[in-house]
Amino acid sequence: MILFPSATSTAAVLRLSFFPTVRSPAARFGTTPPVGGERVRPRVVILGSGWAGFTLARRLDKSRYEVRVISPANHFLFTPLLPSTAVGTLEFRAIQEPVRTIEGLDKYYQAKATNIDLEVGKVTCEDSYSLSVFEVPYDYLCVAGGMKSNTFHVQNVDELEGKAVFFLKHLYHARQIRNRILECFERATNPTIPAEQRDRLLSFIVVGGGPTSCEFMSELHDFIKKDVAKWYPDLIGYIKLTLVEAGPGILGSFDKALSDYYVEKLIEKNIDVRLNTAVKGIEVREVEGCPRFTVAKFADFDLPFGTMVWSAGLAPVNLVAKSNLKLDGGRIAVDDYLRVPDTRGRVFALGDCANTPDHLPPTATVAEQQALYLADCFNKYYSKFDVLDERNRTKDLPLPGDVTPYLMPWNILSFLNRIFCKSSPEFHYMNRGAMASMGMGGGVTDLNKTHLPGPKTIKGQVAYFVWSSTYLTKQLSIQNMILIPMYWFKALVFGRDISRF
Ligand SMILES: Cc1cc2nc3c(=O)[nH]c(=O)nc-3n(C[C@H](O)[C@H](O)[C@H](O)COP(=O)(O)OP(=O)(O)OC[C@H]3O[C@@H](n4cnc5c(N)ncnc54)[C@H](O)[C@@H]3O)c2cc1C
């Protein structure tokens with residue numbers, strides 16, 4: 001259920017009630033094909049169901065556009081809470097929303113787009129189950145495929161992915177990590193296990209010093225301190241936590257004082273933080289009498305491990321890397337209107353996979369604001385251009401008029417956007433600051449780049465309160481708004497679940 005109906009969806013309902021003759025009944029009520037095969041609504045095909053794709057699909061006016069989403073993930077994932085699910089602070093289903101809950105969505109295909117034919121205007125897709133290939137023609141295409149984890153071709157990272165090395169981008173990654181961590185603890189209690197093998201299994205390495213790595217490490221520490229100490233008390237003295245970062249500091253995009261504070265807190269928790277330390281490769285070694293084990297190789301030392309979480313950077317997804325779209329730093333180059341150049345305004349790219357002229361960072365807030373901007377352009381301006389008229393086939397889509405930027409993270413406060421922000425036809429990103437949690441009860445919030453009055457940096461429990469209340473109130477369904485605090489309460493009072501299945 002949608003908590004705060006958006007202004008656009010309310011407007012759409014009003015339009016339908018008061019001006020019923022604007023579109024045919026087929027156009028208004030969904031999927032019935034119009035008589036004679038003639039289409040009355042332009043088709044917008046959206047590739048991806050993440051922050052950008054899902055938000056855009058929700059906000060497009062379905063009475064004006066036939067909206068189709070293609071994505072291998074049949075759900076939207078609330079990524080900021082993903083590290084919490086990897087240790088069981090939250091359950092997986094509480095941080096996702098199925099794509100099919102989008103009101104008025106015409107079609108969703110669980111598939112991967114593999115090719116874009118710009119000449120004909122169609123996308124080739126591969127069904128996620130049968131791997132069979134099919135094509136979807138579009139009038140407008142919005143590419144929102146995100147990015148994937150970058151392994152930098154480090155030896156054996158790809159080969160061991162899902163076994164001892166894990167990415168943290170999708171829900172299934174968090175599930176894999178949680179199972180692997182529990183597997184390591186269960187195996188380490190086995191009475192026949194050699195001491196060296198037990199130590200290796202209980203060595204956890206997190207690679208990367210960004211917010212995802214730091215938050216995961218903090219969550220893992222909470223889990224060990226509260227739950228492992230209770231259920232596996234004999235193992236607690238053998239656990240080793242290491243965070244490695246190739247650069248000189250962690251949380252590089254944050255205020256220096258906050259990142260120093262974060263490092264201090266990690267060190268206080270007995271986490272070995274190694275800066276200026278890059279993984280050179282991973283080896284699988286064998287010693288007589290022991291099962292094979294994994295060792296991370298660094299410039300001047302080796303570190304055996306049972307689990308490595310790799311969150312060291314981003315690389316383009318195959319669709320983008322292999323497309324003939326112009327790339328800028330591995331991302332699709334777009335103009336100030338999120339249009340892909342030389343496509344007559346028929347193809348847009350947004351979110352992590354798109355690079356705007358001002359090189360915005362790949363974050364959820366950028367992706368979400370771009371989707372809201374593009375939805376406004378489509379609903380208010382592009383709907384006036386008859387893209388289905390053959391005579392317009394070679395014409396450029398006119399530029400949009402003024403659009404109000406999205407400063408407020410909540411729809412209920414969107415009226416403030418018009419008061420505080422200057423409208424313009426181009427996309428303008430409104431920086432709302434950055435947050436990182438430190439597990440339960442701690443965190444950092446950096447408001448330096450915002451124009452908000454008040455303190456510019458917040459740390460400790462207040463920052464945790466800001467982090468948790470913001471993400472709780474940003475949930476898209478009432479169901480998750482109820483489930484999330486219940487799981488937080490459960491983890492705090494009764495502990496996390498340690499069953500492995
Ligand atoms: C663990 C974690 C925590 C984060 N925390 C924060 C945070 O606190 N704050 C913040 O601002 N940002 C955060 N981020 C970054 C944020 O999640 C991303 O910037 C955001 O998800 C980008 O949105 P997107 O829609 O561009 O891509 P994504 O959300 O990654 O979505 C991409 C979509 O495209 C689909 N897809 C991939 N390939 C194809 C294909 N070939 N065809 C069709 N679909 C395809 C995927 O299945 C997915 O649905 C975090 C990221 C992670 C991983």
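**Exercise 1. In this predicted model, locate His 359 between its flanking elements and decide whether His 359 is buried or exposed.**

*Solution.*
Step 1. Start with the position: His 359 sits in the loop that joins β22 (354-355) to α11.
Step 2. Next, look at the backbone. The phi of His 359 is positive, about 50°, although the residue is not a glycine. Most residues other than glycine have a negative phi.
Step 3. Finally, take the neighbour count. There are 9 other C-beta atoms within 10 Å of His 359, and the cut-off for exposed is 12 or fewer, so His 359 is exposed.

**Exercise 2. Work through His 153 in the manner of Exercise 1: which loop holds His 153, and what is its phi?**

*Solution.*
Step 1. The loop between β9 (147-149) and α5 (157-160) holds His 153.
Step 2. His 153 is not a glycine, yet its phi is positive, at about 55°.
Step 3. As for its surroundings, His 153 has 8 C-beta neighbours inside 10 Å and therefore counts as exposed.

**Exercise 3. Describe helix α8: what is its reach, where does α8 bend, and how many of its residues are buried?**

*Solution.*
Step 1. Helix α8 covers residues 211-231, which is 21 residues.
Step 2. From first C-alpha to last, α8 reaches 29 Å, close to the 30 Å expected at 1.5 Å a residue.
Step 3. Now follow the axis: α8 bends by about 35° at Ile 224.
Step 4. Of the 21 residues of α8, 16 are buried, so the helix is largely enclosed by the rest of the structure.

**Exercise 4. Turn to helix α9: which of its residues are buried, and what covers them?**

*Solution.*
Step 1. Set the frame first. Helix α9 runs over residues 256-268, has 13 residues and reaches 18 Å between its end C-alpha atoms, close to the expected 18 Å.
Step 2. The buried residues of α9 are Leu 258, Ser 259, Tyr 261, Tyr 262, Val 263, Lys 265 and Leu 266.
Step 3. Their cover includes helix α8 along with β12 (240-244), β13 (272-274), β24 (443-446) and β25 (457-459).
Step 4. Look just past the helix: α9 is followed by Asn 270, with a positive phi near 70°.
Step 5. Two of the covering strands, β24 and β25, lead to one more residue, because Leu 452 is found in the loop between them and is partly exposed, with 13 other C-beta atoms within 10 Å. Leu 452 and Asn 431 are 21 residues apart in sequence, and their C-alpha atoms are 9.8 Å apart.

**Exercise 5. Compile a picture of the ligand shell: how many residues surround the ligand, and which are the closest?**

*Solution.*
Step 1. The ligand is surrounded by 34 residues, the closest being Gly 48, Gly 50, Thr 79, Gly 146 and Gly 351.
Step 2. Elements that give two or more residues to this shell are α3 (51-59), β2 (66-71), α4 (82-85), β5 (107-117), α8 and α11 (364-381).
Step 3. Sorted by class, the shell has 19 nonpolar, 12 polar and 3 charged residues.

**Exercise 6. Buried or exposed: Trp 51 and Cys 184? List the contacts of each beyond four places in sequence.**

*Solution.*
Step 1. Trp 51 belongs to helix α3. It has 27 other C-beta atoms within 10 Å, and since the cut-off for buried is 20 or more, Trp 51 is buried.
Step 2. Beyond four places in sequence, Trp 51 is in contact with Gly 351, Ala 364, Ala 367 and Glu 368.
Step 3. Cys 184 lies in helix α6 (residues 171-188). With 21 C-beta neighbours inside 10 Å, Cys 184 counts as buried.
Step 4. Under that sequence limit, Cys 184 is in contact with Leu 201, Leu 202, Gly 306 and Thr 307. Thr 307 is 123 residues from Cys 184 along the chain, with 8.0 Å between the C-alpha atoms.

**Exercise 7. Step back to the whole protein: how many helices and strands are there, and what is the radius of gyration?**

*Solution.*
Step 1. The protein has 14 helices and 25 strands.
Step 2. Its radius of gyration is 24 Å, close to the 23 Å that the globule rule gives for 501 residues, so the protein is as compact as a globular protein of that length.
Step 3. Along the principal axes, the C-alpha trace spans about 75 × 50 × 40 Å.
Step 4. Buried residues make up 42% of the 501 residues.
Step 5. Among contacts with a separation of 6 or more, 61% are between residues 24 or more positions apart.

Note on methods
Residues numbered from 1 in each chain as written. Predicted model: local features only at pLDDT ≥ 70, side-chain atom pairs only at ≥ 80, totals over all residues. Helix = DSSP H or I, 4+ residues; strand = E, 2+ residues; numbered from the N terminus. Expected span 1.5 Å × (residues − 1). Bend = angle between axes of the 7 residues up to and from the residue. Rg over C-alpha atoms; globule rule 2.2 N^0.38 Å. Contact = placed C-beta atoms within 7 Å. Near = placed C-beta within 6 Å. Nonpolar A, V, L, I, M, F, W, Y, C, P; charged D, E, K, R; others polar.
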